[in-house]
Amino acid sequence: MSCVVAVEPVLPEHVYTQEEITDVVGPLVAPDPARTAVLRRLHASAGVDHRHLALPLEEYAGLHSLGATNAVFIREATLLAERACRQVLVAAGLRPEDVDHVFATSVTGVAAPSLDVLLSERLGLRSDVRRTPSFGLGCAGGAAGLARVHDHLLGRPGDVSLLVSVELCSLTLQHGDDSTANMVASGLFGDGAAAAVVVGATHPLAGPTAGGRARRRATVVDTRSRLYPGTTEALGWEVRDTGFAIVLSAGLPDLLRAHLLADVKGLLAEHGLSPGEIPTWVVHAGGPRVIDAVRDALGLAEDAVRESRESLACAGNLSSASVLDVLARTLAHTDAPRGSPAVLMAFGPGVSCELVLLKLEER
C-alpha cells in the first residue's frame with residue numbers, strides 16, 4: 001500500500017462571485033439577449049457561489065486564439081502548480097530533493113517541455129527525478145493520478161511521489177459560442193491546482209511514527225479504472241483555432257446512474273466490503289447533476305456528498321484538481337474512525353471512471 005501524507009489545494013488570487021462572472025462572460029459567450037437569458041439561468045443553477053480565475057475578469061475579452069490562451073496557461077499554470085507543490089512539501093515535512101517521482105496532470109493547456117519539467121527547475125527537484133506527464137484524463141486526472149502514483153510506489157516502496165494537478169478552465173472560454181455545452185461550462189468550471197505527497201509502504205513517513213502529525217492521512221488500498229464503450233463523443237475537447245471547445249453530453253449523469261454502482265461493488269467486493277459499509281465518500285465535484293447521480297446511484301445520504309457540494313460552491317468544478325480539493329476537505333473535517341474505508345472517485349473523457357479505495361488513518 002501507499003500513504004497520502006498531505007494534500008494541498010491552491011486557488012488563484014482573482015476571486016469573483018458567480019453573478020460578477022455571469023455579467024462579464026454572458027455577453028462574450030452569448031451576445032444574443034435571448035441566449036444570454038438562458039446562460040444566466042444555467043449559471044444560476046450551477047451550484048457555484050464563487051470562482052477563482054487565473055486572470056482579472058476584464059482580461060478575458062481579449063483572449064481569442066489557442067496560441068494566446070496557451071501562452072497564458074504555461075505562465076500561470078506553472079506559477080499556481082509551484083505554489084501547490086511548495087505548500088504540500090512543507091506540510092509533509094519534506095524538501096524538494098526528497099522527491100523521487102512527479103506525476104503532473106492537466107487538460108486545459110499543453111507544454112513541451114511539460115509542466116513537470118518546468119516545475120522541476122523552479123522547485124529544485126533532483127536531476128534524476130522520474131516524471132510522468134499526463135494530458136487528456138480530464139476531470140478524472142486527480143483520481144487517475146493518485147492511482148498511477150500508487151502503482152509506481154508498489155514497485156518502488158521507498159519512494160516519495162509528488163502528484164500535481166493544475167487546471168485553468170477559464171482559458172477555454174469560447175467567444176460567441178452560445179451552444180448549451182459552452183454556456184454550461186462557462187458557469188461551472190473554475191481555476192485551481194492541488195498537490196499531494198504520496199509515499200511507499202517502506203518510507204518512514206508511511207510508518208506509525210508519522211501518526212502524531214496534526215493532519216490526517218489516508219492509505220491507498222486499491223484502485224480500479226473503467227471505460228464505458230460507445231461514449232467517446234460524450235465528453236472532451238474539440239480543438240479549434242480559438243482554443244479548446246467543450247464537448248459535454250447531457251447524458252453523463254444517466255450513464256453514472258446506470259453503471260457506477262456495479263463498478264463500486266466490484267472494487268469493494270475484492271476486499272470483503274459493500275457500499276453500505278463505507279462511511280466516507282470523496283466525490284469529484286463535477287456539477288450538481290453529477291453529484292446527484294452519484295448520490296442516487298449509490299443510495300447515499302445527502303450528507304455523504306457535503307464536501308463535494310462545498311467544493312463546487314466555493315470554487316466551481318476544478319476538473320482534475322476537483323477531487324483532490326474534496327479529499328483535502330474530507331481529511332480536514334471527517335470524524336470517521338481510524339482504519340475505516342473511504343472511496344474516492346472522478347469521471348473524465350472516455351467516458352472513464354476512476355475509483356480509489358482508501359483507508360483513513362489517525363490525525
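Guide: Let's start with contact, which means heavy atoms within 4.5 Å. This is a predicted model, so to speak of local features we need pLDDT of at least 70, side-chain atom pairs count only at pLDDT 80 or more, and totals for chains, interfaces and linings use all residues. Numbering runs from 1 along each chain as its sequence is written, and side-chain values use heavy atoms, with hydrogens and water left out.

Visitor: How many helices and strands are in the chain?

Guide: Helices (H or I, at least four residues) and strands (E, at least two) are DSSP runs, numbered from the N terminus. Here the chain has 10 helices and 13 strands. Its radius of gyration, taken over C-alpha atoms, is 19 Å, close to the 21 Å from the globule rule for 363 residues, so the chain is as compact as a globular protein of that length. That rule is 2.2 Å times the number of residues to the power 0.38.

Visitor: What percentage of the residues count as buried?

Guide: Buried means under 20% relative accessible area, using a 1.4 Å probe and protein chains only. In this chain, 58% of the 363 residues qualify.

Visitor: Which residues of helix α9 are buried?

Guide: α9 covers residues 306-315, and its buried ones are E307, S308, S311, L312, A313 and A315.

Visitor: And what do the buried residues of α9 pack against?

Guide: Two strands, β3 (50-53) and β11 (280-283), plus the helices α6 (180-188), α8 (288-298) and α10 (322-333). Right after α9 comes G316, with a positive phi near 80 degrees.

Visitor: What share of contacts comes from residues far along the chain?

Guide: Among contacts with a separation of 6 or more, 81% join residues 24 or more positions apart.

Terms used. Buried means under 20% relative accessible area, exposed over 50%, partly exposed in between (1.4 Å probe, protein chains only).
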